[in-house]
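The following exercises concern the sequence and structure shown below. Each task is followed by a solution that proceeds step by step.

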Amino acid sequence: MATITGPLSGDAKKTVATALQGALVDLLDLSLLAKQMHWNLTGPHFRQIHLQLDEVTALAREHADTIAERAVALGLNPDGRAATIAKSTKLSQPENGWIEDGKVVATMTDILEAVGKRMRERVAVTDEPDPVSQDLLIAVAQDIDKQHWMFQAQR
């Protein structure tokens, strides 16, 4: 079996591995939650929010793939299994069933704020050990912050 190695070792590799795995879990769960709310959304602003939730899902999935591939390039094993996401997620979970559009906006605003905060923390810790991974995390933070602003403006 082939082994993938990367340019990092020791504490640098551990720090970056933790940051990338945390980002991966946040992004995968964000994509699932956005889709869950997309399917169960009701209210007078349905169409606009329905489409916006699809945007969040798409950006979360795209960034998750980029983050996971960066981990592999560093010789790390990304773990995007459902069981791993379920036990590791820090995202608050929306209620089950139909969700009124105002509640979806409030929930997504809070979720995106929390994800953005954690992404900025990951940006900070990867500055020294791996600026390349930091760059990817900056791009994620930028897109998350934009979506946060767009949901927050609807409150």
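**Exercise 1: Surroundings of N40**

N40 is buried, because its relative accessible area is 14% and buried means under 20%, exposed over 50% and partly exposed in between (1.4 Å probe, protein chains only). The model is a predicted one, in which local features need pLDDT of at least 70 and side-chain atom pairs count only at pLDDT 80 or more, while totals for chains, interfaces and linings use all residues. Residues are numbered from 1 along each chain as its sequence is written, and side-chain values use heavy atoms, with hydrogens and water left out.

Task: determine where N40 lies and which residues it is in contact with, leaving aside neighbours within four places in sequence.

Step 1. N40 belongs to helix α1 (residues 10-40); helices are DSSP runs (H or I, at least four residues), numbered from the N terminus.
Step 2. A polar atom of the N40 side chain lies 2.9 Å from the backbone oxygen of Q36.
Step 3. Beyond neighbours within four places in sequence, N40 is in contact (heavy atoms within 4.5 Å) with G97, W98 and I99.

**Exercise 2: T15 and L76**

Task: decide whether T15 is buried, partly exposed or exposed, and do the same for L76.

Step 1. T15, in helix α1, has a relative accessible area of 29% and is therefore partly exposed. Not counting residues up to four places away in sequence, T15 touches V125 and P129.
Step 2. L76 is placed in the loop between α2 (46-73) and α3 (82-88). With a relative accessible area of 13%, L76 is buried.
Step 3. Leaving aside neighbours within four places in sequence, the contacts of L76 are K13, A17, L20 and A71. The C-alpha atoms of L76 and K13 are separated by 8.5 Å, although the two residues are 63 residues apart along the chain.

**Exercise 3: Helix α4 and its partner**

Task: describe how the axes of α4 and α5 cross.

Step 1. Helix α4 (residues 101-126) has 26 residues and reaches 37 Å from its first C-alpha to its last. At its N-terminal end, E100 acts as a cap, with a side-chain oxygen 2.8 Å from the backbone nitrogen of G102.
Step 2. The axes of α4 and helix α5 (residues 131-152) come within 8 Å and cross at roughly 160°. This makes α4 roughly antiparallel to α5, a term for angles over 145 degrees.
Step 3. Residues that meet across this pair include L112 and M119 in α4, and L137 and I144 in α5.

Definitions and conventions
Helices (H or I, at least four residues) and strands (E, at least two) are DSSP runs, numbered from the N terminus. The expected span of a helix is 1.5 Å times one less than its number of residues. A polar contact is a pair of N or O atoms within 3.5 Å; within protein, one must be able to donate a hydrogen and the other to accept it, and residues adjacent in sequence count only if both atoms are side-chain atoms. Axes are lines fitted to C-alpha atoms, for helices over the stretch in contact, and angles run from 0 to 180 degrees between N-to-C directions. Angles under 35 degrees count as roughly parallel, over 145 as roughly antiparallel, 65 to 115 as roughly perpendicular and the rest as oblique.
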